[in-house]
Amino acid sequence: MIKKLIKQKLTFLDLFCGCGGFSEGLEQAGLKCLAGVDHNAHAIETFKQNHSTDTIALVRDMTSFQPEELQSLVGTHQVDLIVGGPPCQGFSTARQFSGSNSGQRLVEDPRRELYKYFLKFVDHFRPKVFVMENVLGIKKIQNGIYFTAIQNEARKVGYRVIPFEVKTWEFGVPQKRIRQLFIGTLIEFPIFDSSSLITKTHSLTPKEDGLAPIVTLGEAIEDLPALEAGDERIEQGYDLRLRKKYLGKYSGSFLSDVLNVDKAEKLTWHCSRPHNDRDLRDFARLREGETCSRALARGVEMEFPYDRSSFKDRYTRQDRSSLCSTIVAHLKSDGLMFIHPTQVRSLTPREAARVQTFPDTFRFAGSRSHVFTQIGNAVPPLVGRKIGQGIIKYSEKEKVQTQQVKLSDAEKRKIVLELEGFVNEYMVKPIEFADDECFKKTWKMIHLLLPHLHPESVIDNGTEISSVPSRNISFCLEPYYIRSGWPVELAPIAQEAYRRMKSGCLSNVDYFNA
Ligand SMILES: C[S@@+](CC[C@H](N)C(=O)[O-])C[C@H]1O[C@@H](n2cnc3c(N)ncnc32)[C@H](O)[C@@H]1O
């Protein structure tokens, strides 16, 4: 029975899986996780408690774990998807700004190389799709060297890669979190058009965009019982009177569709850490939504002993009516940047989990500190769900599409000649003047000749260019941008195609050759 079920569902592996936030969302969308791997035993215990017994949960160091071993454990070589979050600490922009990310030490940080182990598994299993998650900082670090390397090396093993920036609040997550995804698809399969497959549902300007308004922090936590700092009960009942009040204020769909509260028997991990008296007095001085620097600016006396010019938001009271600050693993240390909007304490693990859109039925293992780390590291399950739905749509589409046309050498030469003519012509006049039909034909030829390139990756070319062109290769094809793979001569055409697609002159179907 289980075998049959697994057959019908798309299957995936979760590498560097943490507690399984990403997996949780993908399973909500209807995919089936075959295995999760992480070297952190507490995270794997959580992962295990939230998956059925036929999902393998492994404590392994990915730098010494071999794909062949995973294949023999899961009993198959066939998986539809591999997802993973090779650690992001080495790429964090927050550390860059504080100065500790720019020196020799972090340049040599071995965690930055972990994506290679991820790609090794991709190369072995060859799923139709892979999704690698990282922090936004990866784009800036060392002039984008890692951002380039990930895309370039994925292309070398036969995947077309699209970087996709996820502003989580646009998918209903009550948080300012932004993450960088790399979505790779086998080049012989159709383009993954993220803008139509992973659709936004919420907006900061809902009236203009016709989408739902963002989900606020209040909507995520206002039904939870009030606590004093230091109330460390791991388990308690819900306050149904408060829930009723909440339902008078909000629709309740976040509580039922995302947090699944009706299915949770007990409220777990809504426990508050102790704070010293000085901090508690400072918490009480802050208004809702206020940072310590703003409180100081309006003349409030605060007691904290840290340097006031460099720790502007060291103490921050969150605001019920807006998005919560990005939930980070660092929450385990003190919680001072996550003071409850109306109570004199920092957020509890359950509140942080709700902001990350973990359902209340999700169980966490380990100490409070382990749990905060697992929550802060996770992909919000709601984002995982939207990505999973996009991948299901993509797979359905892929089934009905024909495979890429294979060109003979003579056909390739003919296309190159035509492209050279087009490039020469538009060296002297602006490419925007090319008429629609001629432009469409040229763009189609580029698709045929370079099926391994993703059209949108031209927006992120970077600056690094491949070395001197080889003799027999047309100037149309080399040199090329190392990051995106786009030939330098053809990049303006791809940029023009992007502009025409955005302005509606080129349909999505023509743009993506979908
Ligand atoms: C960003 S978190 C992944 C979060 C996960 N995608 C989720 O949604 O919950 C990165 C994970 O990589 C794990 N990790 C770091 N180095 C590792 C290694 N060498 N081998 C295996 N796991 C590792 C960490 O323990 C951490 O759980």
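What follows is a conversation between two colleagues about a predicted model.

Colleague: Let's start with overall dimensions. What makes the radius of gyration of the protein chain agree with a compact globule?

Modeller: A compact globule of 514 residues would have a radius near 24 Å, and the protein chain has 25 Å, so the two agree. The C-alpha atoms fill a box of roughly 80 × 60 × 50 Å along the principal axes.

Colleague: Which domains does the assignment give?

Modeller: Domain 1 takes in 2-210 + 381-399, domain 2 covers 217-366, and domain 3 spans 409-512. Between the C-alpha centres of domain 2 and domain 3 there are 50 Å. In secondary structure, the protein chain comes to 22 helices and 11 strands.

Colleague: Now the seven-stranded sheet. Why are strand 3 and strand 6 called edge strands?

Modeller: The order is 3-2-1-4-5-7-6, in an open sheet with mixed pairing. Strand 3 (56-59) and strand 6 (159-167) each pair on one side only, and pairing takes at least two bridges. From one strand to the next, the twist averages 15 degrees.

Colleague: How do you know that strand 4 and strand 5 pair?

Modeller: The cut-off is at least two bridges, and four bridges join strand 4 (residues 81-84) to strand 5 (residues 129-135). These two strands run parallel, and valine 83 stands opposite valine 131 in strand 5.

Colleague: And which helices pack there?

Modeller: Helix 7 (residues 114-125) touches strand 1 (11-15), strand 4 and strand 5, and its direction makes about 170 degrees with that of strand 4. Helix 8 (residues 145-156) lies across strand 5, strand 6 and strand 7 (178-186), at about 145 degrees to strand 6.

Colleague: On to the ligand. What makes a residue count as part of its shell?

Modeller: The C-beta atom, placed from the backbone, has to lie within 6 Å. There are 21 residues around the ligand, and Gly18, Gly21, Met62, Gly85 and Ala378 come nearest. The shell divides into 11 nonpolar, eight polar and two charged residues.

Colleague: How do you know that the peptide bond from glutamate 478 to proline 479 is cis?

Modeller: Omega is near 0 degrees there. Proline 479 sits in the loop between helix 20 (436-449) and helix 21 (491-502).

Colleague: And what is notable about phi of phenylalanine 16?

Modeller: Phi is near 55 degrees, a positive value in a residue other than glycine. Most residues other than glycine have a negative phi, and most peptide bonds are trans. Phenylalanine 16 belongs to the loop between strand 1 and helix 2 (21-29).

Key. Residues numbered from 1 in each chain as written. Predicted model: local features only at pLDDT ≥ 70, side-chain atom pairs only at ≥ 80, totals over all residues. Nonpolar A, V, L, I, M, F, W, Y, C, P; charged D, E, K, R; others polar. Domains from an automatic or database assignment. Axes fitted to C-alpha atoms, helices over the stretch in contact; angles between N-to-C directions. Contact = placed C-beta atoms within 7 Å. Rg over C-alpha atoms; globule rule 2.2 N^0.38 Å.
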